[in-house]
Amino acid sequence: MLNPSHRFVSARRTLAPLLLVAATLSGCDYLGIESGTHIAAQKEAEGKAVGAACRQVGRAIEECYKLNPKSIKAAVFEGWREMDGYMRENDISNLPIPVEAPKPVAPKEDADGGDTSSQAPARN
C-alpha cells in the first residue's frame, strides 16, 4: 500500500508540468502573439478609421471602398456613417481632399550619357 506522502509527491510531479505550461501560455500576449479576436478587432477599428477619414474629406462611400480594397466594407461604412452623423450634428464642413504627392521623376541623362541630376544648375 502507498503511504500518503508518496501520493502527494506523485500528484506534485503531475501538477508541476501542467502549471508550467499554463504559466507559459498565459504570457503569449507579452511575446507578441496575437489572437484571432484581437486581429479581427484591430481590422474593424482600422476600417472604421478609414471610413471616418473618407467622410471627413467628403469622399463618397463607393470611392472609399475603391481606394481601400483590403478594408472590411462593413467597418468602413460604420465609420463613414458615424462621422457623417457627427459632422451633421456639429455643423462641420468637409476638409479639402489632400493632394497626392507628385511622383518622383527619373533623372535626366546628358547627351554624353552622364547623369545631370547631381550637377548644380547653371547661373546666369
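## A pair in helix 4

By about how much of a helical turn are Arg 88 and Asp 84 separated in helix 4? The two residues are four places apart there, so about one helical turn lies between them. Their side chains meet in a salt bridge, with 3.0 Å from N to O. Side chains of opposite charge can pair when their charged atoms come close.

The two partners sit in contrasting surroundings. Arg 88 counts as exposed because its relative accessibility is 64%, above the 50% cut-off. Asp 84 is buried, because its relative accessible area of 13% falls under the 20% limit. Salt bridges with shared partners link Arg 55, Asp 84 and Arg 88 into one network.

## The overall picture

Let us step back to the whole chain. This is a predicted model, and the protein in it has four helices and zero strands. Read from the N terminus, the elements follow the order α-α-α-α.

Of the protein's 124 residues, 15% count as buried. The protein exposes about 10,700 Å², and carbon and sulfur atoms supply 59% of that area. Among contacts with a separation of 6 or more, 54% are between residues 24 or more positions apart.

## Arg 55 and its neighbours

Arg 55, a member of the network just described, has its place in helix 2. With a relative accessibility of 12%, Arg 55 counts as buried.

What does Arg 55 touch, once residues up to four places away in sequence are not counted? The list is Trp 80, Met 83, Asp 84, Met 87 and Asn 94. Take Asn 94 from that list: Arg 55 and Asn 94 are 39 residues apart in sequence, while their C-alpha atoms are 7.8 Å apart in space.

## The nonpolar core

The largest nonpolar core consists of six residues: Val 50, Cys 54, Ile 61, Cys 64, Val 76 and Trp 80. At least two residues of this core come from each of helix 2 (36-56), helix 3 (61-67) and helix 4 (73-89).

Val 50 is a good place to look at this core. Leaving aside neighbours within four places in sequence, Val 50 is in contact with Cys 64, Asn 68, Ser 71 and Val 76. Of these contacts, Cys 64 and Val 76 are also members of the core.

## More salt bridges

The salt bridges in the protein come to five. One of them joins Glu 82 and Lys 48, whose closest N and O atoms are 3.8 Å apart. Glu 82 belongs to helix 4 and Lys 48 to helix 2, so this pair ties together parts that are 34 residues apart in sequence. Both partners are partly exposed: Glu 82 has a relative accessible area of 45%, and Lys 48 has one of 28%.

Another salt bridge pairs Arg 59 with Glu 63, with 3.6 Å between the closest N and O atoms. Is Arg 59 buried or exposed? At 19% relative accessibility, Arg 59 counts as buried, because the limit is under 20%. Its partner Glu 63 is partly exposed, at 36%.

## A nonpolar patch on the surface

Nonpolar side chains also appear on the outside. Leu 15, Leu 18 and Leu 19 form a nonpolar patch on the surface, and together they have about 310 Å² of accessible area. Leu 15 has its place in helix 1 (residues 4-26). With 47% relative accessibility, Leu 15 counts as partly exposed.

Definitions and conventions:
Residues numbered from 1 in each chain as written. Predicted model: local features only at pLDDT ≥ 70, side-chain atom pairs only at ≥ 80, totals over all residues. Heavy atoms only, no water. Patch = residues over 30% accessible without salt bridge, like charges linked within 9 Å, V, L, I, M, F, W, Y side chains within 5 Å. Areas by Shrake-Rupley, 256 points an atom, 1.4 Å probe, with all protein chains shown as cover. Salt bridge = Lys/Arg side-chain N within 4 Å of Asp/Glu carboxyl O. Buried < 20%, exposed > 50% of the residue type's maximum accessible area, 1.4 Å probe, protein only. Core = buried A, V, L, I, M, F, W, Y, C linked by side-chain atoms within 4.5 Å. Contact = heavy atoms within 4.5 Å.
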